[in-house]
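This report walks through one protein chain, moving from a single contact between side chains to the wider picture. Please keep the sequence and the structure in view while reading.

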Amino acid sequence: MSDRTAPLRFSVVICAYTEERWEDILAAVDSVRKQSLPPLETLLVVDHNERLLHRLAEEYADHREEVRVLANAGPRGLSSGRNTGIAAARGEFVAFLDDDAVAERDWLHHFAAGYEDPEVVAVGGRTLPVWASGRRPVWFPEEFDWVVGCTYRGLPPGRVRVRNVLGGNASFRRTAFDAAGGFATGIGRDGDRRPLGCEETELCIRLAGAVPNAVLLIDDRAVIHHKVPAARERFAYFRTRVYAEGLSKALVAQSVGAGKGLESERRYTSRVLPAGVLRGMRDTLLGRAGGAGRAGAIVTGVALAAGGYALGTLRARRGGSPTFSWGPITPEAAPRPPVAPEAKEAAA
């Protein structure tokens, strides 16, 4: 840790939107409450689902200081939910955990270690898949684990400097949002069925431009385990997700410029993915299961992502892209916790 006399104060934000993940949400919160470095608070932000909002408020009624349940104060979507959590956060650092993931015990401890350097504005971690079937589909290439929200082959190991962290396993200095604003609405998931993303990529690029000498890190000791449901193990989801990623990357390029928006992707597509194809072909020649499938999935993924990017770029040129918004991220924007139905009746 550092030579500070008090531990770093983390607010952990978990965004939820469906009761179908009820047990997962409870497990995510429980993993935060069991951290070796206890957080100041856990903020459960519910995305326009009144039933889930009141159910969670009732669940944690006896722990309101430790677990605060809030309604998304902005438009539907993950970016607005995260911005709601940021606005309400009382800690000097804000960490984000997916609602269908659990963090290992030292997750926040490893995040905190990264902030010993005052120039570090963000620290992310390593996200491991928990496959519903019990094992990775033989055709699914590790180079594309980002499709299911996990750390993928091609990222360097250890504690390393990166362009962007992955949003479901990340932390930021609270002051970073004062400098750059929050997550952009208009990018990422917003209730639409299409699995868009990249809101954390856009934020990190914008943050690096707003804060001189800003350093963003990934520490692969900060581990979470992310559930992959059966539907996302299928090739149909893989195709849909990589195409949507291309659309999302076009939005990022529109917001921050293609130079920064595609900087990491150029290395990924020119080095990491060709090596993956060759590895799959080698495995096929050696008689190992899934080699041809993995090579084919990589080629298909590249083609679909490129197609999505091309279409997204064309739409932007024709003026068909959404308007981006980054906040505001201020304490005044923080929503109030929900009022239980019985309390409303009593007040009436």
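In this predicted model, the side chains of Arg-279 and Glu-143 are joined by a polar contact of 2.4 Å. Arg-279 belongs to helix α9, which covers residues 263-285, and because its relative accessible area is 23%, Arg-279 is partly exposed. Leaving aside residues up to four places away in sequence, Arg-279 touches Glu-143 and Arg-153. Arg-279 and Gly-291 are twelve residues apart in sequence, and their C-alpha atoms are 7.5 Å apart in space.

## The chain as a whole

The chain has 348 residues, of which 51% count as buried, and it contains eleven helices and nine strands. Of the contacts in the chain with a separation of 6 or more, 81% are between residues 24 or more positions apart. The average pLDDT of the chain is 87, and 83% of the residues score at least 70. Over residues 343-348, however, the pLDDT is below 50, and this stretch has one contact in the model beyond near neighbours in sequence. Where pLDDT is low, the predicted coordinates should not be read in detail.

## Nonpolar cores

In soluble globular proteins, nonpolar side chains tend to be buried together. The largest nonpolar core of this chain has 36 residues, and those with the most contacts inside it are Phe-10, Leu-44, Leu-56, Leu-97 and Trp-107. Helix α1, residues 22-33, supplies the largest share of this core, namely six residues. Another core lies apart from it and has 28 residues, among them Val-45, Val-162, Ala-176 and Phe-177. What does Leu-97 touch, not counting residues up to four places away in sequence? The residues that Leu-97 touches include Val-12, Val-13, Ile-14, Ala-28, Val-32, Trp-107 and Ile-224.

## Aromatic rings and charges

A search of the whole structure finds 19 aromatic pairs. One of them is formed by Phe-140 and Phe-238, which are edge-to-face, with 5.7 Å centre to centre and 85° between the planes. This pair links distant parts of the chain, since Phe-140 lies in the loop between β6 (120-131) and β7 (159-161), while Phe-238 lies in helix α7 (residues 235-256), 98 residues apart. Phe-140 counts as buried because its relative accessibility is 1%, and Phe-238 counts as buried because its relative accessibility is 0%. Phe-172 and Phe-177 form a tilted aromatic pair, with 5.3 Å centre to centre and 50° between the planes; Phe-172 is buried, as is Phe-177. Ring pairs also link a cluster, which includes Trp-131, Trp-139, Phe-140, Phe-144, Phe-238 and Tyr-268.

In two further places, the charged end of an arginine sits over a ring. For Arg-55, that ring belongs to Trp-22, and the charged end is 3.8 Å from its centre. For Arg-82, the ring is that of Phe-96, with a distance of 5.9 Å from its centre.

## Two polar residues that count as buried

Ser-80 lies in helix α3, residues 78-88. Is Ser-80 buried or exposed? Ser-80 counts as buried, because its relative accessibility is 6% and buried means under 20%. A polar atom of the Ser-80 side chain lies 3.2 Å from the backbone oxygen of Pro-75. Not counting residues up to four places away in sequence, Ser-80 touches Asn-72, Gly-74, Pro-75 and Thr-185.

Arg-163 is placed in the loop between β7 and β8 (169-173), and because its relative accessibility is 15%, Arg-163 counts as buried. The side chains of Arg-163 and Asn-164 make a polar contact of 2.9 Å.

## Positive phi in two loops

The table sets out two residues that have a positive phi although neither is a glycine.

| Residue | Phi | Loop | Relative accessibility |
|---|---|---|---|
| His-48 | about 55° | between β2 (41-46) and α2 (50-59) | 39%, partly exposed |
| Asn-213 | about 65° | between α6 (199-210) and β9 (215-228) | 56%, exposed |

Methods:
Residues numbered from 1 in each chain as written. Predicted model: local features only at pLDDT ≥ 70, side-chain atom pairs only at ≥ 80, totals over all residues. Heavy atoms only, no water. Core = buried A, V, L, I, M, F, W, Y, C linked by side-chain atoms within 4.5 Å. Buried < 20%, exposed > 50% of the residue type's maximum accessible area, 1.4 Å probe, protein only. Helix = DSSP H or I, 4+ residues; strand = E, 2+ residues; numbered from the N terminus. Contact = heavy atoms within 4.5 Å. Polar contact = N/O pair within 3.5 Å; in protein donor to acceptor, adjacent residues only side chain to side chain. pLDDT = per-residue confidence, 0-100. Phe/Tyr/Trp six-rings, centres within 6.5 Å; stacked < 30°, edge-to-face > 60°. Lys NZ or Arg CZ within 6 Å of the ring centre and 35° of its normal.
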